[in-house]
Amino acid sequence: MSPSPLRPARSIETYGETKMPDPFILTERDGPVGIVKFNRPDKLNALSPALIAQMADALEAFDADSEIGAIVLTGNARAFAAGADIGDMAEAGVVDQIRRDMFATWDRVRKVKKPIIAAVSGFALGGGCETAMMCDMIVASETAQFGQPEINIGVMPGAGGSQRLAQAIGKARTMELVLTGRFFSAAEAHAWGLVNRVVPVEAYLDEAIRLARDIASKPPIAVQLAKQAVNSVFDDYLDRGLLTERRLFYLLFGTDDQTEGMRAFLDKRAPVWKGR
């Protein structure tokens with residue numbers, strides 16, 4: 001069966017009374033597989049609050065669809081998602097971040113019962129890397145580059161990066177990557193156990209769909225409960241860690257270095273750190 005055309009997710013075309021002319025998320029069906037695709041190519045699929053909300057809506061819609069057995073989350077060959085939308089939060093303070101509570105939307109993704117496979121090519125950085133790790137499995141193209149480079153703009157991972165990365169690859173590697181911000185390749189991610197498989201760029205989405213179709217062919221209740229069982233190994237630790245990570249992330253929005261780091265990023269210049 002050929003996939004149905006990409007289209008805006010049904011429940012996410014409008015916010016309040018404002019029509020969204022260019023939805024940030026497109027959805028597709030390939031038999032029992034639901035495909036959710038980031039649709040912000042001009043910004044390398046940067047994760048704005050609107051995009052994150054639309055992503056959660058689309059994932060929840062497939063989760064509630066009895067004809068869908070597994071979900072694939074993807075971007076395009078150039079970028080899965082290159083990070084958070086810095087322009088959206090460059091001038092935010094601690095109180096702004098607490099009031100916005102953007103992580104409440106991320107928490108919705110954790111509650112999706114059906115397996116989610118990230119199909120990653122190109123950049124998966126910052127929030128993009130965190131989004132991929134939030135999925136249950138990752139299929140990467142040979143061009144995929146992962147990383148948590150938030151340190152370079154005066155902050156730190158805030159959507160689970162420090163926690164899920166440490167769970168997957170250990171403390172020492174995570175500490176190096178979070179404190180230096182360096183990118184790491186698909187081959188490294190696979191060798192460290194973060195990625196399930198690495199394939200040529202022309203095959204990464206097809207491979208993710210193939211894996212999703214295999215899973216969708218299994219008994220659905222057993223699949224959902226098996227996912228829950230595997231996640232339970234990490235959940236208690238992860239819940240505590242996420243709260244700590246978020247608190248520290250918010251605190252950084254009270255520093256001069258956060259303001260300088262994000263302004264420098266937007267101005268395309270080197271930041272000047274003040275240590276305060």
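Which residue in β12 is the bridge partner of F146? I looked this up before anything else, keeping in mind that the model is predicted, and I found that the partner is F184.

**Entry 1: the open sheet**

I then looked at the strands around that pair, and I noted that β11, residues 145-147, runs antiparallel to β12, with two bridges between them. Both belong to an open sheet of four strands, ordered β7-β9-β11-β12, in which the pairing is mixed. The edges of this sheet are β7 (79-81) and β12 (184-185), each of which pairs on one side only. I also noted that helix α5, residues 127-134, packs on the sheet and touches β7, β9 (123-125) and β11, with a direction that makes about 90 degrees with that of β9.

**Entry 2: M133 in helix α5**

I stayed with helix α5 and picked out M133, which has its place there. Is M133 buried or exposed? I entered M133 as buried, because its relative accessibility is 9% and the cut-off for buried is under 20%. Leaving aside residues up to four places away in sequence, I listed the contacts of M133 as I138, Q148, G161, R164, L165 and L194. One of these, G161, lies 28 residues from M133 along the chain, yet their C-alpha atoms are separated by 7.9 Å.

**Entry 3: the largest pocket**

M133 came up again when I turned to the largest pocket, whose volume is about 920 Å³. Of the 33 residues that line this pocket, M133, M134, C135, D136 and N231 lie nearest its centre. I wrote down that α4 (103-110), α5, β10 (137-141), α6 (161-169) and α10 (220-251) each supply at least two lining residues, and that the largest share, 11 residues, comes from α10. By character, I sorted the lining into 20 nonpolar, six polar and seven charged residues.

**Entry 4: strand β10**

Why is β10 described as largely enclosed by the rest of the structure? I recorded that reading because five of the five residues of β10 are buried. In a regular strand, side chains alternate between the two faces of the sheet. In β10 I found both faces covered, with M137, V139 and S141 buried on one side and I138 and A140 buried on the other.

I then looked up the pairing of β10, which runs parallel to β8 (residues 116-120) over four bridges, with V120 opposite A140. Strand β13 (residues 197-199) also pairs with β10 in the parallel sense, over three bridges, and here V139 stands opposite R197.

Note on methods
Residues are numbered from 1 along each chain as its sequence is written. This is a predicted model: local features need pLDDT of at least 70, side-chain atom pairs count only at pLDDT 80 or more; totals for chains, interfaces and linings use all residues. Side-chain values use heavy atoms; hydrogens and water are left out. Two strands pair if DSSP finds at least two bridges between them. Contact means heavy atoms within 4.5 Å. Axes are lines fitted to C-alpha atoms, for helices over the stretch in contact, and angles run from 0 to 180 degrees between N-to-C directions. On a 1 Å grid over the protein atoms alone, a cavity is a set of points where a 1.4 Å probe fits but cannot get out, and a pocket is an open set with protein on both sides within 12 Å along at least five of seven lines; lining residues have an atom within 4 Å of a point. Grid points are joined across faces, edges and corners, and a volume is the space filled by probe spheres set on the points. Ala, Val, Leu, Ile, Met, Phe, Trp, Tyr, Cys and Pro count as nonpolar, Asp, Glu, Lys and Arg as charged, and the others, Gly among them, as polar. Buried means under 20% relative accessible area, exposed over 50%, partly exposed in between (1.4 Å probe, protein chains only).
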